[in-house]
Amino acid sequence: MSKVAFSIRFRLIAAGVLAFAMVAVLAASAMYHYGLTERKSAVVDTATEEFVNLQRTLHGLDEIIFTEGTPAAWSQVGSSVLAFDQVWPRLVAATHDAERLEELETAISPKWEKLRSQIGAFLTIPYPGPDNEQAMVAFGRLIGMATSLGKDIESFRASAAQSAEVEMRRLATLAAATTLLLAAALLAVFSWAYRGIIRPIARLVSVVGEVAREGDYSLRAAVTSSDEIGRLAMGFNAMLEQVEVHQQQLAAHRDQLEELVSARTVELTLERDRANGASRAKSEFLATMSHEIRTPMNGILGMTELLLGSGLSARQQRFAKAAYQSGEHLLNIINDILDFSKIEAGKLEIESTDFDLRALLEDVAYLFTAQADAKGLELICSVPHDVPVAVRGDPVRLRQIMTNLTSNAIKFTSDGEVVIRLRLLDETPQHANFRFEVQDSGIGIESAAQDRLFSAFVQADSSTTRKYGGSGLGLAIVKRLVERMNGEIGLDSQVGSGTLLWFDIRLSKQEATARTVVSRAGDLSGLRVLVVDDNATNREILAHQLAGWSMHHTGAADARSALDELRRPTALQFDLAILDLHMPEMDGFELASAIKKQARWANLPLVMLSSVSVGSDDPDRQHAPIDAYLTKPVRQSDLFDAIATTMAKTKALAAVGGDAPARELVPRDATLPLSLTGRVLVAEDNPVNQQVAEAMLEALGIACQVVDNGRLAVERVLEETFDVVLMDCQMPEMDGFEATTEIRARQREGRLHGALPIVALTANAVQGDRERCLAAGMDDYLGKPFTLEQLANTLRRLLPSVAPATTTAATSPSRAPAPAEATPSDSDEPLNPRALDAIRQLPGPNGALLVARVIDAYRVDAPQRLAQMRRAADDGDADALRKGAHAMKSSSANVGAEQLAARCTDLEAIGHRRTVDGASAVLEEVECEFRRVLAALEGIRSGSSENAVG
């Protein structure tokens with residue numbers, strides 16, 4: 001070829017360089033002329049400003065003449081002259097034209113200097129005005145000079161403006177010319193690039209299209225240059241040659257294709273078998289490894305838990321707790337993987353043992369009570385009376401399924417309710433087919449995601465995975481467990497309307513006639529019960545339960561409706577009312593008070609359904625006229641026992657003509673629903689109270705340490721880590737209020753990391769004492785003597801809790817006994833035996849020994865307190881009398897000496913009045929009653945010793 005071959009890269013680079021050069025020239029020219037125009041505009045603006053300053057000066061002189069020299073006029077002239085002087089250097093600096101600069105310096109500047117001198121002379125004239133001839137003559141000269149100077153400045157400004165306009169026109173002309181030049185150059189570059197790039201590519205594309213349409217691989221592209229396009233065309237031709245050769249080879253091997261396909265099919269079959277074997281080996285490996293990992297994980301968790309109780313610093317505690325929580329989370333994931341891999345490997349065995357289906361479902365519901373209450377959800381468990389629940393199957397796996405479904409329902413529900421429901425589909429004498437349902441009012445699941453919901457490592461939506469967490473194994477395991485039990489699982493859900501997850505399984509009956517209709521109702525049959533609950537599902541379930549016991553019920557959706565029902569003259573004669581605590585407008589406590597105010601219903605027994613967040617020490621609960629409290633979701637056995645106990649007590653009181661006291665009866669199964677964990681510091685100087693507190697904490701499974709005063713408490717919390725402090729308010733050296741203030745101060749200084757709840761322990765009955773405790777920085781309040789249930793409820797809100805060990809239907813969990821009430825006894829006996837019985841029956845094998853230790857501590861401590869009170873009365877020391885009476889009051893109440901505690905309360909009240917008047921007479925009663933108490937305790941102590949020997 002005779003023409004010079006330019007590569008595509010060279011053409012593009014040349015075009016780019018040319019375009020960049022043109023743009024750079026245009027930009028530089030525009031910037032230069034723009035700067036020049038800016039400078040000229042600045043000259044015009046500055047000249048205009050000087051003209052304005054000159055006019056302001058003349059106006060000020062005019063004001064001086066007509067106002068005869070007021071200070072404002074003098075000030076205006078001075079400021080305008082000063083402004084002219086200040087702007088003048090800017091005008092000179094902005095003027096770059098030599099001719100105009102010379103005009104400024106030789107013509108305008110001397111005139112201004114002369115005018116400013118004349119203005120100065122004018123300002124020295126006394127009393128200037130129209131009547132002052134000297135002033136008027138000088139004013140006339142100034143007007144003439146200013147007019148001449150103004151014309152010069154205006155002429156200078158007009159000349160600068162004209163010059164700026166000329167520069168603008170020149171800039172516009174240059175921009176237009178440059179634009180035309182750039183357009184022509186770019187058009188030339190485009191034409192050059194088109195001829196060298198676009199046309200060869202178009203010809204090559206045409207050949208490619210023809211090959212694709214016709215399938216003729218003998219065609220070749222024309223090679224017209226040696227640049228990239230030419231090389232591309234040569235490569236395309238080479239490719240066509242190779243394809244043509246391959247086509248020929250393919251035709252030659254076509255006859256052998258069927259034999260190759262047949263052989264490959266055999267190989268694929270073998271590969272499939274090997275893959276299935278590998279999958280099983282993988283599942284077996286996962287099962288083995290998950291099991292092996294659990295062993296060291298259990299060791300890690302166990303040693304970390306021991307480490308948490310070994311007196312670490314606050315920082316170390318935080319690190320250890322984080323490690324423990326992470327280990328628990330990892331162990332849960334490992335357990336899921338273990339279950340899943342066992343199922344995949346076919347090694348998961350389904351057991352067959354006897355269990356109580358109702359108890360299992362109620363235990364699962366009770367396990368999530370606190371979690372549901374924390375989110376404000378209604379957790380409901382519905383097991384009809386007439387279903388056979390004495391069944392045989394695998395309770396562990398069934399509990400695992402229900403726990404997973406309930407946990408998911410609560411996780412994805414922010415308000416409303418979660419209902420656990422059991423339905424009987426059909427039955428034979430040997431078997432029963434059940435449908436288990438968990439229904440929530442949560443976010444729901446899109447229809448597109450429902451089909452894959454039960455797949456491994458899958459959740460309904462990746463966004464929910466990020467928001468709610470989870471590995472996506474839970475429902476996959478549930479599905480496989482149900483299938484291993486020969487059952488079927490499914491769901492019904494709509495976005496925003498909640499989800500119903502259900503599964504059907506068949507269970508064997510323990511007995512062919514096994515039913516659960518309660519036959520012990522006895523005298524409860526025919527009772528008329530008023531049920532008040534704003535939740536329709538709750539009302540429906542209570543109605544079924546009451547009907548199963550042959551009771552009649554009337555439902556009310558709120559407190560107002562219930563009161564309207566009770567106020568009707570033709571209202572039924574109700575025997576009992578079951579009230580929900582949390583209702584809109586009027587809660588259960590308010591409704592109970594309103595019912596009791598009606599004479600007709602003053603003695604109506606009331607049973608309250610409350611959540612775990614309402615403890616027995618709640619002020620509203622303590623003063624409410626409620627006969628029994630039950631925690632939702634309510635077990636059927638607990639509900640029946642509460643109704644039976646309440647009605648038995650009511651009938652007994654009616655037989656003797658008594659009034660039903662407003663006292664709460666807590667079912668034994670509801671006393672300690674959870675086991676607690678943590679470390680508690682007890683700051684208490686009274687040895688009797690120390691013994692009782694230690695025993696109660698031990699019964700709750702909580703580690704504790706005891707100190708005698710507030711100063712030691714402050715030192716101990718700085719040295720060791722505790723989860724809660726039980727702080728007595730009245731202690732020597734430093735009382736509980738001062739100690740709490742010191743601890744909070746150390747927290748603010750950063751010496752005590754993390755939150756440390758402090759619970760006040762006080763036997764005071766003074767109004768405002770609770771408020772004083774909270775104001776001092778304490779988090780909660782316990783009045784002494786407190787019961788085990790009150791302590792447990794308080795600590796449950798402050799300490800981490802774990803679910804109790806599950807049991808089968810054949811056995812029931814061991815429960816702490818209901819604590820004795822701390823109300824004064826009506827009998828003349830020195831001791832209320834229920835106080836020591838409550839201590840004796842605390843969980844553990846050493847109840848009798850604990851009672852003996854408490855009695856011994858009281859026998860040593862009480863005489864010292866009595867002597868202290870006697871000395872205080874003799875010395876007139878009201879404060880010492882109050883402290884001694886306070887200490888003896890709480891210890892006496894703990895051993896059941898209620899009458900002695902009441903007398904000590906009287907002495908404490910005398911001390912609070914800052915006097916000892918009348919103390920001697922009360923002290924004589926205290927000493928007399930104390931001798932009776934000692935004698936009674938001695939008898940109990942002797943009996944305990946004999947029993948221990950025997």
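1. pLDDT is the predictor's confidence in each residue, from 0 to 100. Over residues 658-673 it stays under 50, yet the model has 58 contacts there beyond four places in sequence, where contact means heavy atoms within 4.5 Å. Residues 516-521 also stay under 50, with 17 such contacts.

2. A word on conventions: this is a predicted model, in which local features need pLDDT of at least 70, side-chain atom pairs count only at pLDDT 80 or more, and totals for chains, interfaces and linings use all residues. Residues are numbered from 1 along each chain as its sequence is written, and side-chain values use heavy atoms, with hydrogens and water left out.

3. Overall, the mean pLDDT is 77, and 81% of the residues reach 70 or more. Strand β5 (residues 431-440) has the highest confidence, at 93, and helix α12 (residues 462-468) the lowest, at a mean of 48. Helices (H or I, at least four residues) and strands (E, at least two) are DSSP runs, numbered from the N terminus.

4. Of the 950 residues in the protein, 44% are buried, meaning under 20% relative accessible area with a 1.4 Å probe, protein chains only.

5. Helix α20 (residues 710-719) is a nice one to open in your viewer. Its buried residues are Gly710, Ala713, Val714 and Val717. They lie on the same side of α20 because they cover an arc of only 100° around the axis, taken from the directions from the helix axis to the C-beta atoms. Their cover includes β14 (679-683), β15 (703-707), β16 (724-728) and α21 (736-749).

6. At the N-terminal end of α20, Asn709 acts as the cap, with a side-chain oxygen 3.0 Å from the backbone nitrogen of Arg711.

Conventions: Buried means under 20% relative accessible area, exposed over 50%, partly exposed in between (1.4 Å probe, protein chains only). A polar contact is a pair of N or O atoms within 3.5 Å; within protein, one must be able to donate a hydrogen and the other to accept it, and residues adjacent in sequence count only if both atoms are side-chain atoms.
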